[in-house]
Amino acid sequence: MKNSNLRQVPLLPTAKIMDFVESTYIKKDVSKIFVGDTVKIGVFIKEGNKERIQYYQGIILGKNNSGVNLTISVRKVFQGIGVERRFLIHSPKFESIEIIKSSRVRRSKLYYLRSIVGKGSRLKQRFRTK
């Protein structure tokens, strides 16, 4: 027995639905970043009932995924100890990103910088035209 009152609704492909949902969360004002760039990243930190922006400066070791799931791995050396942190670019806790210096690299992941210390970890600077 068929119910004639129900209308057949065409189903959209899930990829189109996901693109529509993700497009509402993607930030438009994020600058183009590359692996090897030295960046200064502002992240919202909540301490008690106060919220402030904490800046994290380091070299981008790698980029993962794309779209709304874009993450970057940033490494800095603090008091002789390497500290790495992953940032979700389109997260609401991510406030800003500022490119301080660009470097010329020939790899997509710079994980070899983990084992190099001192002057050997310097990268050749790249000058971009704006």
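This report describes the contacts, core and surface of a predicted model.

## The nonpolar core

In soluble globular proteins, nonpolar side chains tend to be buried together. The largest nonpolar core in this model has 13 residues, and those that touch the most other members are Ile41, Ile72, Val74, Phe87 and Ile97. Four elements each give two or more residues to this core: strand S1 (38-47), strand S2 (50-64), strand S3 (71-78) and strand S5 (94-101). The largest share comes from S1, which gives three residues.

Phe87, one of the core residues just named, has a relative accessible area of 4%. Phe87 is therefore buried, since the cut-off for that class is under 20%.

## Aromatic rings

The model has two aromatic pairs. In one of them, the ring centres of Phe87 and Phe94 are 6.5 Å apart and the ring planes meet at 65°, so the pair is edge-to-face. An angle over 60 degrees is what places a pair in that class. Phe94 is buried, with a relative accessible area of 5%, and Phe87 is buried at 4%. Together with Tyr56, Phe87 and Phe94 make up one aromatic cluster.

Rings also take part in contacts with charged side chains. Lys40 places its charged end over the ring of Tyr55, at 5.0 Å from the ring centre. Arg126 does so with the ring of Phe34, where the distance from the charged end to the ring centre is 5.1 Å.

## Salt bridges

Side chains of opposite charge can pair when their charged atoms come close. The count for this model is four salt bridges. One of them joins Asp37 and Arg126, with 3.8 Å between the closest N and O atoms. Asp37 lies in the loop between H1 and S1, while Arg126 lies in the segment after S5, so this salt bridge ties together parts that are 89 residues apart in sequence. Asp37 is buried, with a relative accessible area of 0%, whereas Arg126 is partly exposed at 29%. Arg126 is also the residue whose charged end sits over the ring of Phe34.

Another salt bridge pairs Glu84 with Arg114, at 2.7 Å from N to O. This pair links distant parts of the chain, as Glu84 is in strand S4 and Arg114 is in the segment after S5, 30 residues apart. Glu84 is partly exposed, at 33% relative accessibility, and Arg114 is partly exposed at 42%. Arg75, Glu84 and Arg114 form one network, joined by salt bridges that share partners.

Arg52 and Glu47 also form a salt bridge, and their closest N and O atoms are 3.1 Å apart. Arg52 is partly exposed, with a relative accessible area of 36%. Glu47 is partly exposed as well, with a value of 40%.

## A nonpolar patch on the surface

Some nonpolar side chains in this model are found on the surface. Leu12, Ile17, Phe20, Val21 and Tyr25 form a nonpolar patch there, and together they have about 550 Å² of accessible area. Val21 lies in helix H1 (residues 14-23). The relative accessibility of Val21 is 40%. Val21 counts as partly exposed because this value falls between the limits of 20% and 50%.

## Two loop residues

Lys28 is in the loop between H1 and S1, the loop that also holds Asp37. Lys28 is exposed, with a relative accessible area of 67%, whereas Asp37 is buried. Along the chain, Lys28 and His90 are 62 residues apart, and their C-alpha atoms are separated by 9.3 Å.

Gln79 is in the loop between S3 and strand S4 (81-88). With 70% relative accessibility, Gln79 counts as exposed. The phi angle of Gln79 is near 55°, which is a positive value in a residue other than glycine.

Methods:
Residues numbered from 1 in each chain as written. Predicted model: local features only at pLDDT ≥ 70, side-chain atom pairs only at ≥ 80, totals over all residues. Heavy atoms only, no water. Phe/Tyr/Trp six-rings, centres within 6.5 Å; stacked < 30°, edge-to-face > 60°. Buried < 20%, exposed > 50% of the residue type's maximum accessible area, 1.4 Å probe, protein only. Lys NZ or Arg CZ within 6 Å of the ring centre and 35° of its normal. Patch = residues over 30% accessible without salt bridge, like charges linked within 9 Å, V, L, I, M, F, W, Y side chains within 5 Å. Areas by Shrake-Rupley, 256 points an atom, 1.4 Å probe, with all protein chains shown as cover. Core = buried A, V, L, I, M, F, W, Y, C linked by side-chain atoms within 4.5 Å.
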